[in-house]
Amino acid sequence: MNTVLAELHDKARAALDPVHYDYYAGGAGEEVVLGENEAAFRRLALLPRVLRGAATRDLGVDLPGGHLGMPLLVAPTAFHRLAHPDGELATARAVAAAGTVLVSGMAATVAIGEVVAAARAVDPAASVWFQLYPQTDDDVTACLVRRAEDAGCAAVVVTADSPVFGRHRRDAEHGFHDLPPGLAAENMRDLPGGPLGGTLDIGMSPTVSWRHLDLLRELTSLPLWLKGVLHPEDAVLAVDHRVAGIVVSNHGGRQSDLAPAAVEALPAVVDAVEGRVPVVLDGGVRGGGDVAVALALGAAAVGVGRPVLWGLAADGEAGVARVLDALRDEFDHVLALCGGRGLADLTRDLVVTRGTGV
Ligand code: FNR
């Protein structure tokens with residue numbers, strides 16, 4: 001793990017209520033996938049190319065929904081005010097200052113309009129995307145999409161891997177099911193059909209299907225990303241359903257504990273998509289080297305989840321800024337050491353599996 005991220009993780013663990021630390025840190029089942037997401041990166045190496053120096057490297061990437069100053073965005077994670085009183089406002093400010101995209105969760109503890117306003121106050125051109133779990137009631141889904149549009153979000157990220165809530169042993173052991181008093185899923189207020197949002201499970205639909213993607217395509221002209229894709233055939237179906245991009249993700253090991261490591265599922269999805277839409281990877285990214293490996297395997301960018309929560313818990317906005325700075329700086333350094341003059345130099349032939357020679 002990047003040393004700055006490790007330091008902030010330790011600080012966050014010390015600062016957080018252990019129940020909330022475990023909510024953020026934990027995974028589903030026996031936490032096999034949680035461990036594998038990071039371990040799989042350790043099994044991969046990058047062959048450096050030599051005599052290909054450059055004074056500086058352009059790290060920017062354009063995606064449907066915004067320009068990223070580095071190939072890294074902030075994945076949606078729930079309930080930032082469990083980590084810090086400023087919650088998603090602090091995260092949004094730091095992410096906007098770093099020139100990248102925050103995917104703000106449907107399960108945010110600050111309403112999406114305030115999150116976007118906080119980002120825009122730092123950078124009027126900042127892009128915030130809205131993460132959505134399709135709801136059982138289409139009217140509720142439509143209402144949430146309208147809230148994202150009214151707030152000025154630049155894309156909607158539809159999370160597909162959660163027909164039911166993952167079973168988290170740590171939360172069960174703590175009896176942690178409800179948000180503490182004073183905190184709520186603010187995007188879920190005053191929805192058609194009554195209140196939602198006091199519990200950790202904020203309404204995942206067991207009947208979620210490709211129909212929901214078609215519904216969303218009708219409801220909004222914003223770019224739609226599909227998050228939680230691991231099977232290459234689902235990636236092809238997603239393209240057929242006119243998504244603007246795909247996020248290869250196992251939800252940070254919080255849903256199926258039988259899933260492969262995210263980075264191991266990435267190449268087959270990239271191959272299936274054949275360049276028709278960009279592919280983002282999240283899960284286990286803990287340093288600039290992980291970013292470089294994911295890009296070499298065909299990702300257009302990566303998402304980071306827990307490291308941002310550790311920065312937020314350790315030091316609010318400044319902590320998130322340090323996480324993003326450290327990842328950008330280390331990625332740029334790794335790229336230089338690999339002979340990369342730009343992102344296009346990160347190609348799949350550079351990736352080898354440790355211990356096998358191939
Ligand atoms: C998440 N993630 C997530 N994803 C999503 O689509 N909607 C959500 O509400 C949440 N909530 C959430 C809470 C917490 C505490 C965590 C750690 C994660 C998953 C997230 O977007 C992303 O897929 C993973 O966090 C990526 O893995 P790393 O970077 O945490 O290893």
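1. What radius of gyration does the protein chain have, and what would a compact globule with 358 residues have? The chain comes to 19 Å, and the rule for a compact globule of 358 residues gives a value near 21 Å, so the two agree. The model is a predicted one.

2. On overall extent and fold content: the C-alpha trace of the protein chain spans about 65 × 45 × 45 Å along its principal axes. Its secondary structure consists of twelve helices and twelve strands.

3. On the ligand shell: the ligand is surrounded by 22 residues, and P76, Y133, T159, R286 and G305 are the closest of them. Sorted by class, this shell holds nine polar, eight nonpolar and five charged residues.

4. On polar contacts to ligand oxygen: a polar atom in the side chain of R286 is 2.6 Å from an oxygen atom of the ligand. For S249, an N or O atom of the side chain lies 3.2 Å from a ligand oxygen atom.

5. On polar contacts to ligand nitrogen: the side chain of Y133 places a polar atom 2.9 Å from a nitrogen atom of the ligand. Of the 600 Å² of accessible area that the ligand has on its own, the protein covers 98%.

6. On the site itself: the largest cavity is the space that the ligand takes up. Two or more residues of the shell around the ligand come from each of the helices α2 (18-25) and α12 (306-337).

Note on methods: Residues numbered from 1 in each chain as written. Predicted model: local features only at pLDDT ≥ 70, side-chain atom pairs only at ≥ 80, totals over all residues. Heavy atoms only, no water. Near = heavy atom within 4 Å. Polar contact = N/O pair within 3.5 Å; in protein donor to acceptor, adjacent residues only side chain to side chain. Areas by Shrake-Rupley, 256 points an atom, 1.4 Å probe, with all protein chains shown as cover. 1 Å grid on protein atoms, 1.4 Å probe; cavity = no way out; pocket = protein on both sides within 12 Å on 5 of 7 lines; lining within 4 Å. Sits in = over half its atoms within 2 Å of the grid points. Helix = DSSP H or I, 4+ residues; strand = E, 2+ residues; numbered from the N terminus. Nonpolar A, V, L, I, M, F, W, Y, C, P; charged D, E, K, R; others polar. Rg over C-alpha atoms; globule rule 2.2 N^0.38 Å.
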